[in-house]
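Please read these notes with the structure open beside you. They go point by point, from the whole chain down to single residues.

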Amino acid sequence: MGSGGDDGDAPKRYGRAMARKKRILRATMADGWVKTIGPTNAPFTHFWRIVATLENGKTEVFWGHAASLKEATGKRAATQDAARQRGWRDYAFEVVELEEG
């Protein structure tokens with residue numbers, strides 16, 4: 001093995017591949033509620049939240065994170081189905097961009 005060229009043993013020479021830096025992510029909703037996620041190295045970019053009002057007047061909250069705005073907003077259709085199936089009186093669906101911090 002000579003020095004220089006690509007001899008396929010880079011992992012042996014340099015140890016394990018560089019791991020992604022872990023990040024702390026923060027979602028701040030319009031009502032001021034803040035959710036902190038992490039530390040994580042997952043490629044999350046957006047946070048979604050559903051606040052559902054049940055028939056008995058109680059409230060349930062569902063939330064999650066997504067790797068793109070498209071993925072996060074895609075939850076809206078599933079939310080409409082869930083509202084019908086579970087008999088929610090109403091609900092609010094929100095998506096915000098995650099911030100590092």
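The points below cover the overall build, one sheet, the salt bridges and a few residues.

1. Overall build. The model is a predicted one. Its chain holds three helices and six strands. In sequence order these follow the pattern α-β-β-β-β-α-α-β-β, which puts a helix at the start of the pattern and two strands at its end.

2. Surface and contacts. The chain has 101 residues, and 28% of them are buried. Its accessible surface is about 7,200 Å², with 51% of that belonging to carbon and sulfur atoms. Among contacts with a separation of 6 or more, 43% are between residues 24 or more positions apart.

3. The sheet with β1. Which strands make up the open sheet of three strands, and in what order? The order is β2-β1-β6, and the pairing is antiparallel. The edge strands are β2 and β6, each of which pairs on one side only. In general, strands of a sheet pair through backbone hydrogen bonds, either parallel or antiparallel.

4. Pairing within that sheet. β1 and β2 are joined by five bridges, while β1 and β6 are joined by two. Two positions help to locate the β1 and β2 pairing: Arg 23 stands opposite Thr 40, and Arg 26 stands opposite Thr 36. On the β6 side, Leu 25 has Glu 100 as its bridge partner.

5. The two faces of β1. In a regular strand, side chains alternate between the two faces of the sheet. For β1, the covered face carries Arg 23, Leu 25 and Ala 27. The uncovered face carries Ile 24, Arg 26 and Thr 28.

6. The hairpin. β1 (23-28) and β2 (34-40) are separated by a loop, and Asp 31 is found there. The hairpin has five residues between its strands. Gly 32 in this hairpin takes a positive phi near 95 degrees.

7. Thr 40. This residue is in strand β2. Is Thr 40 buried or exposed? Its relative accessible area is 13%, so Thr 40 is buried, the limit for that label being under 20%. A polar atom of the Thr 40 side chain lies 3.0 Å from the backbone nitrogen of Ala 42. Beyond its neighbours within four places in sequence, Thr 40 is in contact with Lys 21, Lys 22, Arg 23 and Leu 25. Arg 23 is thus both a contact of Thr 40 and the residue opposite Thr 40 in the strand pairing.

8. Salt bridges: Arg 23 and Glu 100. Side chains of opposite charge can pair when their charged atoms come close. The whole structure has four salt bridges. One of them joins Arg 23 and Glu 100, at 3.5 Å from N to O. Arg 23 lies in β1 and Glu 100 in β6 (residues 99-100), so this pair ties together parts that are 77 residues apart in sequence. The two partners differ in cover: Arg 23 is buried at 19% relative accessible area, whereas Glu 100 is exposed at 55%.

9. Salt bridges: Asp 31 and Arg 49. These two residues form a salt bridge, with their closest N and O atoms 3.1 Å apart. The pair links distant parts of the chain, since Asp 31 is in the loop between β1 and β2 and Arg 49 is in strand β3 (residues 46-53), 18 residues away. Asp 31 is exposed, with a relative accessible area of 55%. Arg 49 counts as buried, at 5%.

10. The salt-bridge network. Which residue besides Asp 31 is linked with Arg 49 in the network? Glu 94 is. Its salt bridge with Arg 49 has the closest N and O atoms 2.7 Å apart. Glu 94 lies in strand β5 (residues 90-97) and Arg 49 in strand β3, so this pair ties together parts that are 45 residues apart in sequence. Asp 31, Arg 49 and Glu 94 are thereby linked in one network of salt bridges.

11. Aromatic rings. There are four aromatic pairs in the count. Ring pairs connect Trp 33, Phe 47 and Trp 63 into a cluster.

Methods
Residues are numbered from 1 along each chain as its sequence is written. This is a predicted model: local features need pLDDT of at least 70, side-chain atom pairs count only at pLDDT 80 or more; totals for chains, interfaces and linings use all residues. Side-chain values use heavy atoms; hydrogens and water are left out. Helices (H or I, at least four residues) and strands (E, at least two) are DSSP runs, numbered from the N terminus. Buried means under 20% relative accessible area, exposed over 50%, partly exposed in between (1.4 Å probe, protein chains only). A polar contact is a pair of N or O atoms within 3.5 Å; within protein, one must be able to donate a hydrogen and the other to accept it, and residues adjacent in sequence count only if both atoms are side-chain atoms. Contact means heavy atoms within 4.5 Å. Accessible areas come from the Shrake-Rupley method with a 1.4 Å probe; for residues, only the protein chains shown count as cover. A salt bridge is a side-chain nitrogen of Lys or Arg within 4 Å of a carboxyl oxygen of Asp or Glu. Two strands pair if DSSP finds at least two bridges between them. Rings of Phe, Tyr and Trp (its six-membered ring) pair if their centres lie within 6.5 Å; planes under 30 degrees apart count as stacked, over 60 as edge-to-face and the rest as tilted.
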